[in-house]
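Biologist: Could you take me through one part of this protein slowly, as if I were seeing a fold for the first time? I would love a close look at the sheet and what lies against it.

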Amino acid sequence: MKITRVELRNKEKEDSRMKAIAKVTLDEAFVVTGIRLIQGDDKMFIAMPSRKVSEGVYDDVCHPVNQETRKMFEDAIFNAYEEMKKSGEEIVKIDL
């Protein structure tokens, strides 16, 4: 499995930890939308798409099943974020 495209939309707002929303294409065949880039207390992290299932409990719609795959997503999204910051664009699309 390989990430073939990352699209990032700037969502930075004052007093918000959310920095961007990502859409990631895998093998030019499958798209995962709604991945949030969040500024944590110590570092940035990604939050996979989720839905509310009951009384405030959220469940991931999809997620990596191992650390290697999570790192692949993080690296691609973090690199796209750096490109967005450099370019000043609100939307960045990167083909890998």
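Modeller: Happy to; here is a walk through the sheet, strand by strand, and then its helix and core. Please keep in mind that this is a predicted model.

Let's begin with the overall layout. The sheet is open and has five strands, in the order 4-3-2-1-7, with antiparallel pairing. Strand 4 (44–47) and strand 7 (91–95) stand at the edges with a single partner strand each, so one side of each has no neighbour in the sheet. On average, neighbouring strands are turned by 25° against each other, if direction is ignored. As general background, strands of a sheet pair through backbone hydrogen bonds, and the pairing can be parallel or antiparallel.

Now follow the pairs. Strand 1 and strand 2 are antiparallel and share seven bridges. Here you can find Leu 8, whose bridge partner in strand 2 is Ala 22. Moving on, strand 2 is joined to strand 3 by eight bridges, again in the antiparallel sense. In this pair, Met 18 stands opposite Ile 38 of strand 3. Strand 3 (residues 30–39) then connects to strand 4 through four bridges, and these two also run antiparallel. Look for Leu 37 there: its bridge partner in strand 4 is Ile 46.

The turn between strand 2 and strand 3 deserves a pause. This hairpin has three residues between its strands, and Asp 27 takes a positive phi near 50°. Glu 28 is also found in the loop between these strands. Is Glu 28 buried or exposed? Its relative accessible area is 69%, so Glu 28 counts as exposed, for which the cut-off is over 50%. Glu 28 and Arg 5 are 23 residues apart along the chain, yet their C-alpha atoms are separated by 7.6 Å.

Next, add the helix. Helix 1 (residues 67–87) lies across strands 1, 2, 3, 4 and 7, and runs at about 50° to strand 1.

Finally, look at the side chains. The largest nonpolar core has 19 residues, and those touching the most other members are Ile 3, Leu 8, Val 24, Ile 35, Ile 46, Phe 73 and Ile 77. Strand 1, strand 2, strand 3 and helix 1 each supply at least two residues of this core, and helix 1 gives the most, with six. Ile 3 is a good residue to zoom in on: leaving out residues up to four places away in sequence, Ile 3 touches Val 24, Thr 25, Leu 26, Met 72, Phe 73, Ala 76 and Leu 96.

Conventions
Residues are numbered from 1 along each chain as its sequence is written. This is a predicted model: local features need pLDDT of at least 70, side-chain atom pairs count only at pLDDT 80 or more; totals for chains, interfaces and linings use all residues. Side-chain values use heavy atoms; hydrogens and water are left out. Two strands pair if DSSP finds at least two bridges between them. Axes are lines fitted to C-alpha atoms, for helices over the stretch in contact, and angles run from 0 to 180 degrees between N-to-C directions. Contact means heavy atoms within 4.5 Å. A nonpolar core is a set of buried Ala, Val, Leu, Ile, Met, Phe, Trp, Tyr and Cys residues joined through side-chain atoms within 4.5 Å. Buried means under 20% relative accessible area, exposed over 50%, partly exposed in between (1.4 Å probe, protein chains only).
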